[in-house]
There are 2 protein chains.
Amino acid sequence: MEEQQASKDSKLSALEVEAIEMFINFLKLIGLPKSVGEIYGLLFVSPRPLAMDTIIERLDISLGAASQGLKLLRNLGAVKAVYSPGDRRDHFVADLELSTFATVFIKEELMPRMERGLERIKRMEEILPALPPDDRKATEARIKRLRHWLDKGQKMLPWIMKFLLR
Amino acid sequence: MEEQQASKDSKLSALEVEAIEMFINFLKLIGLPKSVGEIYGLLFVSPRPLAMDTIIERLDISLGAASQGLKLLRNLGAVKAVYSPGDRRDHFVADLELSTFATVFIKEELMPRMERGLERIKRMEEILPALPPDDRKATEARIKRLRHWLDKGQKMLPWIMKFLLR
DNA sequence: AGTCCGTTTCATTTTTTCTTGAAACAAATG
DNA sequence: CATTTGTTTCAAGAAAAAATGAAACGGACT
């Protein structure tokens with residue numbers, strides 16, 4: 001009579017909830033949807049591999065979300081499928097190497113943007129000479145500053161990566 | 001007869017378009033909406049302060065978006081209002097110190113999450129002893145790893161900040 | 001080959017986030 | 001002090017992102 005909560009998270013332990021919320025928050029930071037954070041959080045604290053069924057049931061998410069989320073996480077390298085003898089289903093484990101997320105973010109989000117940024121700057125610099133002389137000086141200074149920051153960023157990234165990878 | 005484009009960006013120079021697109025992309029990265037990127041981008045390449053009217057007109061955005069976007073940018077410290085003699089309107093300039101964005105992001109997004117993360121970890125560690133012995137070991141290791149990463153991150157941040165600020 | 005079990009895909013729905021514009025507000029002007 | 005000009009606020013609408021679930025798929029077992 002006091003069981004039977006709204007069918008919701010009744011199946012998750014306090015520890016699991018903490019881990020899940022934590023990863024929802026962190027992964028949101030790098031633009032991943034809630035469901036992905038949930039899945040990774042659950043797998044992260046799970047002492048044994050989980051099948052998709054289990055994940056769906058315990059997190060109470062849809063088939064599609066689970067499948068897509070797992071796919072994404074596998075592509076990132078944050079989750080691996082392991083073989084489970086005598087079971088047709090795939091089972092999933094979290095790769096505990098958290099640097100993966102930071103690394104992926106840097107490689108797939110930051111770096112490409114910086115490259116495109118540099119291209120833009122080059123184009124802007126080409127346009128500069130055609131500006132009215134009064135404005136040119138000021139604008140030139142600004143673009144130079146932009147470039148300076150991009151360069152700085154690009155120098156910094158490899159260093160951060162190194163730090164992340166041990 | 002070949003003028004009169006769809007009333008759209010006809011008022012923006014190629015240079016402005018580049019800058020705007022660039023900032024839309026970068027600011028999106030730290031979770032800011034398109035309109036904010038547009039405003040900052042326009043101000044960044046503008047050799048002189050712009051009034052809100054001008055911003056609205058040239059970017060073709062709404063009054064509300066302009067007001068809110070400018071407010072946000074002012075709060076971040078990325079835009080300043082300057083006095084323009086003989087004009088009732090506020091005029092806005094971009095603060096060229098791009099580190100502002102990174103700094104704000106770190107301070108308002110990253111750091112708080114890390115703190116909340118540490119709290120969670122502490123709570124998880126308290127729960128640990130109550131786990132079934134077989135699982136405990138494995139889970140303990142995972143949580144230790146989590147903590148390790150958070151610590152690492154927290155150590156890294158001040159360093160990054162220092163790097164950003166010159 | 002046919003059935004079953006598990007997974008992926010994707011059109012649709014739901015949720016979240018952003019934008020709009022009208023109304024309230026403020027502050028300078030005549 | 002009424003009016004005009006400029007700005008903020010916020011409820012409603014539009015757009016974007018994420019979740020759902022049914023249908024298609026694929027591969028193992030009989």
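These legends go with close-up views of a predicted model.

**View 1. Where chain A meets chain B.** Here we're looking at the contact between the two protein chains, with 28 residues coming from chain A and 28 residues from chain B. On the chain A side, the elements that put in two or more residues are α1 (14-29), α2 (34-45), α5 (99-127) and α6 (133-164). Sort that side of chain A by residue class and you get 17 nonpolar, three polar and eight charged residues.

**View 2. The protein surface around DNA strand C.** How many residues surround DNA strand C? There are 21, and the closest of them are A:Asp90, B:Pro33, B:Ser35, B:Ser62 and B:Gly64. Both chains chip in: α3 (52-59) and α4 of chain A, along with α2 and α4 of chain B, each give two or more residues to this surface. The top contributor is α4(A), with six residues. As for chemistry, the surface near DNA strand C splits into eight nonpolar, six polar and seven charged residues.

**View 3. The protein surface around DNA strand D.** Now for the other DNA strand in these views. Around DNA strand D sit 21 residues, of which A:Pro33, A:Ser35, A:Ser62, A:Gly64 and B:Asp90 come nearest. At least two residues apiece come from α2 and α4 (63-76) of chain A, and from α3 (52-59) and α4 (63-76) of chain B. Which helix gives the most to this surface? That's α4(B), with six residues. The class count near DNA strand D reads eight nonpolar, six polar and seven charged.

**View 4. The sheet in chain B.** Three strands of chain B make an open, antiparallel sheet, ordered β1-β3-β2. β1 (50-51) and β2 (79-82) of chain B are the edge strands, and each has a single partner, so one side of each has no neighbour in the sheet. Zoom in on the antiparallel pair of β2(B) and β3 (residues 91-94) of chain B and you'll find four bridges joining them. To get your bearings, start at B:Val79, whose bridge partner in β3(B) is B:Ala94.

**View 5. Helices against the chain B sheet.** Helix α2 (residues 34-45) of chain B lies across β1, β2 and β3 of that chain, and runs at about 85° to β3(B). Helix α4(B) also packs on the sheet, where it touches β2 and β3 of chain B. The direction of α4(B) makes about 105° with that of β2(B). You've met α4(B) already: it's the helix that gives the most residues, six, to the surface near DNA strand D.

Methods:
Residues are numbered from 1 along each chain as its sequence is written. Chains are lettered from A and ligands numbered from 1 in the order in which they are written. This is a predicted model: local features need pLDDT of at least 70, side-chain atom pairs count only at pLDDT 80 or more; totals for chains, interfaces and linings use all residues. Two residues are in contact if their C-beta atoms, placed from the backbone, lie within 7 Å. Ala, Val, Leu, Ile, Met, Phe, Trp, Tyr, Cys and Pro count as nonpolar, Asp, Glu, Lys and Arg as charged, and the others, Gly among them, as polar. A residue is near a molecule or strand if its C-beta atom, placed from the backbone, lies within 6 Å of it. Two strands pair if DSSP finds at least two bridges between them. Axes are lines fitted to C-alpha atoms, for helices over the stretch in contact, and angles run from 0 to 180 degrees between N-to-C directions.
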